[in-house]
Amino acid sequence: MYSFINVTQVADCDVLISWAEKEKAELTFKKISEERLTTKYSSTSIEIEAELQGVLAEITAIETVIGILPEGESKEEASKKKVKLDYKKFLLETRKESYGVVALLEKELDLERTNKEIEEVDAFILAITNHKATL
């Protein structure tokens, strides 16, 4: 897989191992960050969805109330409340796009990619260490 045949000195192996260990340290840090983001997105997406469902139920209820109220102050107040609820719905839907299920899946993919990169760096370190032993 790797062309270690071109590496003919122990010192070159040491340089490669040192470089790979630095790469692994950076990937490990990246993994920790992605794990935190994934956890945050997971809990946030559930919270947003629950709040959004509540707002949608309130909108449905207020629309029913507005439909049966006679013209006057009560109907105006209910209409104002509906506008506020519509705005809250808009904000929640916007947050859902940023922190919702799709964003969560993207973060999970990023995390899996990083895990695969760490596995490959570990395999590289093992392979160069084995090659070093043959020199």
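This section describes the core, salt bridges and surface patches of a predicted model.

The largest nonpolar core has 11 residues. Its members are Phe 4, Val 7, Cys 13, Ile 17, Ala 20, Leu 27, Ile 118, Val 121, Phe 124, Ile 125 and Ile 128. Two elements, α1 (10–68) and α3, each give two or more residues to this core. Helix α3 gives the most, with 5 residues. Helix α3 covers residues 101–134.

Leu 27 is one of the core residues. Leu 27 belongs to helix α1. Its relative accessible area is 9%, so Leu 27 is buried; the cut-off for this class is under 20%. Leu 27 and Asn 115 are 88 residues apart in sequence. In space, their C-alpha atoms are 8.3 Å apart.

Salt bridges were examined next. The structure holds 10 of them. In one, the side chain of Lys 132 meets that of Asp 14, with an N to O distance of 2.4 Å. Lys 132 lies in helix α3 and Asp 14 in helix α1, so this pair ties together parts that are 118 residues apart in sequence. Both partners are partly exposed: Lys 132 has a relative accessible area of 26%, and Asp 14 has one of 34%.

Another salt bridge pairs the side chains of Glu 49 and Lys 96, at 2.8 Å from N to O. Glu 49 is in helix α1, whereas Lys 96 is in helix α2 (residues 73–99). The pair therefore ties together parts that are 47 residues apart in sequence. Glu 49 is partly exposed, at 26% relative accessible area. Lys 96 also counts as partly exposed, at 34% relative accessibility.

A further salt bridge lies within helix α3. The side chains of Arg 113 and Asp 110 meet at 3.8 Å, N to O. These two residues are 3 residues apart in helix α3, so about one helical turn separates them. Arg 113 counts as partly exposed, with 48% relative accessibility. Asp 110 is partly exposed as well, with 24%. Elsewhere, salt bridges that share partners join Glu 63, Lys 82 and Asp 86 into one network.

The surface carries a patch of negative charge. Glu 108, Glu 112, Glu 119 and Glu 120 gather there. Glu 112 is found in helix α3. Its relative accessible area is 43%, so Glu 112 is partly exposed; this class runs from 20% to 50%. Patch members need over 30% relative accessible area and no salt bridge. With 43%, Glu 112 is over that area cut-off.

A nonpolar patch is also present on the surface. Tyr 87, Phe 90 and Leu 91 form this patch. Together they have about 330 Å² of accessible area. Leu 91 lies in helix α2. At 36% relative accessibility, Leu 91 counts as partly exposed. Leu 27, by contrast, is buried at 9%.

Taken by element, the results read as follows. Helix α1 holds Leu 27 of the core, along with the salt-bridge partners Asp 14 and Glu 49. Helix α2 holds Lys 96, the partner of Glu 49, and Leu 91 of the nonpolar patch. Helix α3 gives 5 residues to the core and holds Lys 132, the partner of Asp 14. Arg 113 and Asp 110 are also in helix α3, as is Glu 112 of the negative patch.

Note on methods:
Residues numbered from 1 in each chain as written. Predicted model: local features only at pLDDT ≥ 70, side-chain atom pairs only at ≥ 80, totals over all residues. Heavy atoms only, no water. Patch = residues over 30% accessible without salt bridge, like charges linked within 9 Å, V, L, I, M, F, W, Y side chains within 5 Å. Areas by Shrake-Rupley, 256 points an atom, 1.4 Å probe, with all protein chains shown as cover. Salt bridge = Lys/Arg side-chain N within 4 Å of Asp/Glu carboxyl O. Lys, Arg positive; Asp, Glu negative; His and termini not counted. Charge placed at Lys NZ, Arg CZ, Asp CG, Glu CD. Helix = DSSP H or I, 4+ residues; strand = E, 2+ residues; numbered from the N terminus. Buried < 20%, exposed > 50% of the residue type's maximum accessible area, 1.4 Å probe, protein only. Core = buried A, V, L, I, M, F, W, Y, C linked by side-chain atoms within 4.5 Å.
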